[in-house]
Amino acid sequence: VQLQASGGGLVQAGDSLRLSCAASGRTFSANAMAWFRQAPGQEREFVAAMRWNGGNVGRYYADSVKGRFTISRDNVDHTVYLQMNNVKPEDTGVYYCGAIFRVRPIVSALWTISTYDYWGQGTQVTVSS
């Protein structure tokens with residue numbers, strides 16, 4: 001499986017940006033997909049995730065992005081998106097997409113980096129004030 005993240009760039013506070021994570025290499029049957037980010041000198045942190053459990057889809061967000069970011073998936077293009085609205089300087093960082101195939105994770109496991117089987121290469125988002 002390969003994950004290709006794209007869509008980052010330099011934007012101003014209050015702008016919108018959409019990140020994409022294109023999956024290839026196998027049938028798109030991940031149990032969960034997520035976005036994490038890493039600011040300079042900081043640890044990688046959870047941003048948003050989608051989890052598929054039977055016919056149900058759950059979406060989960062870090063408190064810092066709730067109401068501003070939306071995670072979604074296009075089944076035709078095998079792509080997961082992160083719509084980022086009203087961005088803030090503290091949203092600056094490298095954004096990584098991850099996928100879980102081996103297990104059906106419980107919700108609390110979605111925040112944990114080691115739960116993910118595959119990672120994309122990251123895309124830089126810089127928000128100026």
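These notebook entries record what I looked up in this structure, which is a predicted model.

**Entry 1. The disulfide**

I began with the cysteines and found that the structure holds one disulfide. It is formed by C21 and C97, whose sulfur atoms lie 2.1 Å apart. I then located the two residues along the chain: C21 belongs to strand β3 (residues 17-24) and C97 to strand β9 (residues 93-100). The pair is 76 residues apart and links distant parts of the chain. I also noted the geometry of the link, which is right-handed, with 70° about the S-S bond.

**Entry 2. Burial of the two cysteines**

Are C21 and C97 buried or exposed? I checked each in turn. The relative accessibility of C21 is 0%, so C21 counts as buried. C97 has a relative accessible area of 1%; because the cut-off for buried is under 20%, C97 is buried too.

**Entry 3. Strand β9 and its partners**

As C97 lies in β9, I turned to that strand next. I recorded that β9 is mostly covered, with seven of its eight residues buried.

Which strands pair with β9? I listed the following.

- Strand β4 (residues 32-38) pairs with β9 in the antiparallel sense, over seven bridges. Within this pairing, I noted that F36 has Y96 of β9 as its bridge partner.
- Strand β11 (residues 123-128) is also antiparallel to β9, and the two pair over three bridges. Here I found V94 opposite Q124 of β11.
- Strand β10 (residues 118-119) pairs with β9 over two bridges, again in the antiparallel sense. In this case the bridge partner of G98 is W119 of β10.

**Entry 4. The nonpolar core**

I looked next at the buried nonpolar residues. In soluble globular proteins, nonpolar side chains tend to be buried together. In this model, the largest nonpolar core has 38 residues. Which residues have the most contacts inside it? I noted W35, L82, M84 and Y95. I also asked where the largest share of this core comes from. Strand β5 (residues 45-53) supplies that share, with six residues.

**Entry 5. Surroundings of L82**

I chose L82 from that group for a closer look. I left aside its neighbours within four places in sequence. The remaining contacts of L82 include W35 and Y95, both of which are also among the core residues with the most contacts. L82 is further in contact with L17, R18 and L19, with V47 and A48, and with F69, T70 and I71.

Methods: Residues numbered from 1 in each chain as written. Predicted model: local features only at pLDDT ≥ 70, side-chain atom pairs only at ≥ 80, totals over all residues. Heavy atoms only, no water. Disulfide = S-S within 2.5 Å. Helix = DSSP H or I, 4+ residues; strand = E, 2+ residues; numbered from the N terminus. Buried < 20%, exposed > 50% of the residue type's maximum accessible area, 1.4 Å probe, protein only. Core = buried A, V, L, I, M, F, W, Y, C linked by side-chain atoms within 4.5 Å. Contact = heavy atoms within 4.5 Å. Pairing = 2+ DSSP bridges.
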